[in-house]
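User: I would like to go through the assignments in this model one at a time, with each label set against the criterion behind it.

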Amino acid sequence: RPRVVDLIAPLHVRRGSAVPFLSSVVDLGPGLTVGSGVPSVEFEFGDGSKATVKVGSDNSVRTKHRYLSPGRKRVRVTAVDRAGNKRTARAHITIR
């Protein structure tokens with residue numbers, strides 16, 4: 001099953017700025033063996049926007065997003081491995 005190890009996002013940002021997001025994904029099979037692999041993840045930025053981002057060779061995922069309206073947003077990153085197993089991590093961010 002894939003494991004979204006973390007989702008790192010700033011707590012507060014200014015509207016219109018490019019907000020960096022960082023995540024890492026590990027796919028473990030039975031008995032902690034290497035799983036089928038996670039080729040990409042999907043970010044949902046909480047404002048209706050989504051992005052599919054390729055997982056790097058170091059299992060990291062980096063992206064940026066620009067928020068145009070203020071408010072509290074719920075960001076999700078979802079990993080699906082090649083076997084169809086799915087895992088999601090969440091974070092909240094406030095746009096000022």
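Analyst: What follows takes the sheet, the aromatic rings, the core, the polar pairs and some single residues in turn. This is a predicted model, in which local features need pLDDT of at least 70 and side-chain atom pairs count only at pLDDT 80 or more, while totals for chains, interfaces and linings use all residues. Residues are numbered from 1 along each chain as its sequence is written, and side-chain values use heavy atoms, with hydrogens and water left out.

User: How do you know that β4 and β7 pair, and how do they run?

Analyst: Two strands pair if DSSP finds at least two bridges between them, and strands themselves are DSSP runs of E with at least two residues, numbered from the N terminus. Four bridges join β4 (residues 40-44) to β7 (residues 71-80), so the criterion is met, and the two strands run antiparallel. Within this pairing, Val41 stands opposite Ala79 in β7.

User: What joins β7 to β8, and which residue in β8 is the bridge partner of Gly71?

Analyst: Between β7 and β8 (residues 86-95) there are 10 bridges, and these strands run antiparallel. The bridge partner of Gly71 is Ile95 in β8. The hairpin of β7 and β8 has five residues between the strands, and Gly84 takes a positive phi near 95° there.

User: Which strands are called edge strands, and what makes them so?

Analyst: The open sheet has five strands in the order β2-β8-β7-β4-β5, with mixed pairing. The edge strands are β2 (12-13) and β5 (50-54), each of which pairs on one side only. For β5, the partner is β4, with five bridges and an antiparallel course, and Glu42 stands opposite Thr52 in this pairing.

User: Why is the pair of Phe21 and Phe43 called tilted?

Analyst: Rings of Phe, Tyr and Trp (its six-membered ring) pair if their centres lie within 6.5 Å, and planes under 30 degrees apart count as stacked, over 60 as edge-to-face and the rest as tilted. A search of the whole structure finds three aromatic pairs. For Phe21 and Phe43, the centres are 6.3 Å apart and the planes stand at 45°, so the rings pair and the label is tilted. This pair links distant parts of the chain, with Phe21 in β3 (residues 18-27) and Phe43 in β4, 22 residues apart.

User: What makes the pair of Phe43 and Phe45 stacked?

Analyst: The ring centres of Phe43 and Phe45 are 5.9 Å apart and the planes are at 5°, so this pair is stacked. Ring pairs link Phe21, Phe43 and Phe45 into a cluster. Both Phe43 and Phe45 are buried, where buried means under 20% relative accessible area, exposed over 50% and partly exposed in between (1.4 Å probe, protein chains only).

User: Which residues have the most contacts inside the largest nonpolar core?

Analyst: A nonpolar core is a set of buried Ala, Val, Leu, Ile, Met, Phe, Trp, Tyr and Cys residues joined through side-chain atoms within 4.5 Å. The largest one has 21 residues, and those with the most contacts inside it are Phe21, Val41, Phe43, Tyr67 and Ile93. At least two residues of this core come from each of β1, β3, β4, β7 and β8, and the largest share, four residues, comes from β8.

User: How do you know that Glu44 and Arg76 meet in a salt bridge?

Analyst: A salt bridge is a side-chain nitrogen of Lys or Arg within 4 Å of a carboxyl oxygen of Asp or Glu. The N to O distance for Glu44 and Arg76 is 2.9 Å, so the criterion is met. Glu44 lies in β4 and Arg76 in β7, so the pair ties together parts that are 32 residues apart in sequence.

User: Why does Glu44 count as buried, and why does Arg76 count as partly exposed?

Analyst: Glu44 counts as buried because its relative accessibility is 19%, whereas Arg76, at 27%, counts as partly exposed.

User: What makes the link between the side chains of Thr78 and Thr88 a polar contact?

Analyst: A polar contact is a pair of N or O atoms within 3.5 Å; within protein, one must be able to donate a hydrogen and the other to accept it, and residues adjacent in sequence count only if both atoms are side-chain atoms. The side chains of Thr78 and Thr88 make such a contact at 2.9 Å. Thr78 is in β7 and is buried, with a relative accessible area of 13%.
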